[in-house]
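Visitor: I'm new to this one, and I'd like a close look at a single part of it. Could you pick one helix and walk me through what it packs against?

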Amino acid sequence: MTLWHEELKQQLEQLPSGTRLQVHDIPSVPETCSSLIANNSDKYTQTRRLILIMAQSSGGTNAIVCGMEAIEYKTVRNDSTKWTVYISKVDTTGYPSAKNITAIMIRTYLSSFGPCRVHVFACAQPQYLFRDSAKYQEKKRKTLTDRALIGWWRSVFSHPDLWKNSQVKGWWSIPGIDDEREAIIATGNRQPVNSTASWQYGYPYDPKAKVNDVIPQFEDDTKARLSSGLC
């Protein structure tokens, strides 16, 4: 990957925050792991990554603004490197900051991979990464519902920077809702502003396929736990 955090620093410098922002990129040591799909023999190299954005006030006090935990899976197939990224947690602390910092962090990070598969299971919680952050009133005011969070993720992934390759496709769904129009209403009528984004409602799998043949099972993933119970 490229030094994406340098690009992120440049993006953050353009924000009218009035506060100096710092990027902390903390990857783990890569380790070998088994296949993400049960009935698949591919081997992966797994790297965990924690990304934090911190603000420094004029008085010199540092405070965390937001953060993200992702797991990167790398495999080599036919002399070609394939990336799968699972975004497991995204969280804010409630610290006052410029708008869209979290979205900028996510898309700048993903842009560094080039072609890859990205998986997100959107489930709203008061806090994920930062202990006691749910107590702050500023965060309480901005916390989204599950369905509104799905709409937010779709808008983040619809940014033109992530759709430069014409072969990119996006899939999204809400459990229990089969109709796309109904799903859009459920997310608060949040529509992507990028007309080049190609979204399809549903799943990118053959309806007759078996769970163990197509669905990746990530750590601490509700979908993976449900899939295991069905097999």
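Guide: Let's start with a crossing: helix H2 and helix H4 cross in a right-handed way. H2 covers residues 101–111 and H4 covers residues 146–157. Their axes lie 10 Å apart, and the helices pack at an angle of about 50°. An angle like that makes H2 oblique to H4. Keep in mind as you look around that this is a predicted model.

Now for the side chains in that contact. From H2 come Thr 102, Ala 103, Ile 106 and Leu 110, and across from them in H4 are Trp 152, Trp 153, Val 156 and Phe 157. Sort the residues of this contact by class and you get seven nonpolar, one polar and no charged.

Two of those H2 residues deserve a stop of their own. Let's take Leu 110, which sits in helix H2. Is Leu 110 buried or exposed? Leu 110 counts as buried because its relative accessible area is 5%, and the cut-off for buried is under 20%. Leaving out residues up to four places away in sequence, Leu 110 touches Val 85, Ile 87, Val 118, Phe 157 and Leu 162. Phe 157 is one of the H4 residues we just met. Leu 110 and Phe 157 are 47 residues apart in sequence, yet from C-alpha to C-alpha they are 9.4 Å apart in space.

The other stop is Thr 102, also found in helix H2. Thr 102 is buried too, with a relative accessible area of 13%. Which residues does Thr 102 contact, if we leave aside its neighbours within four places in sequence? They are Cys 66, Val 90, Thr 92 and Trp 152. Trp 152 belongs to H4, so to speak the other side of the contact we began with. You can also find Gly 67 from here: 35 residues separate Thr 102 and Gly 67 along the chain, and their C-alpha atoms are separated by 7.6 Å.

H2 has another partner, helix H1, which runs over residues 4–13. The axes of H1 and H2 are 9 Å apart, and the two pack at an angle of about 150°. H1 and H2 are therefore roughly antiparallel to each other, as angles over 145 degrees count that way. Here again the crossing is right-handed.

In this contact, H1 brings Trp 4, Glu 7, Leu 8, Gln 11 and Leu 12, while H2 brings Ile 101, Ile 104, Met 105, Thr 108 and Tyr 109. By class, these residues divide into seven nonpolar, two polar and one charged.

Finally, step back to the whole protein. It has seven helices and eight strands. Of its 231 residues, 39% are buried. Among contacts between residues at least 6 apart in sequence, 63% join residues at least 24 apart.

A word on confidence, too. The average pLDDT of the protein is 81, and 85% of the residues score at least 70. Strand E7 (residues 170–172) has the highest mean pLDDT among the elements, 92, whereas helix H7 (residues 222–230) has the lowest, 57. Where pLDDT is low, the predicted coordinates should not be read in detail.

Notes. Residues are numbered from 1 along each chain as its sequence is written. This is a predicted model: local features need pLDDT of at least 70, side-chain atom pairs count only at pLDDT 80 or more; totals for chains, interfaces and linings use all residues. Side-chain values use heavy atoms; hydrogens and water are left out. pLDDT is the predictor's confidence in each residue, from 0 to 100. Helices (H or I, at least four residues) and strands (E, at least two) are DSSP runs, numbered from the N terminus. Axes are lines fitted to C-alpha atoms, for helices over the stretch in contact, and angles run from 0 to 180 degrees between N-to-C directions. Angles under 35 degrees count as roughly parallel, over 145 as roughly antiparallel, 65 to 115 as roughly perpendicular and the rest as oblique. A crossing is left-handed if the near helix is turned anticlockwise from the far one by less than a right angle, and right-handed if clockwise. Contact means heavy atoms within 4.5 Å. Ala, Val, Leu, Ile, Met, Phe, Trp, Tyr, Cys and Pro count as nonpolar, Asp, Glu, Lys and Arg as charged, and the others, Gly among them, as polar. Buried means under 20% relative accessible area, exposed over 50%, partly exposed in between (1.4 Å probe, protein chains only).
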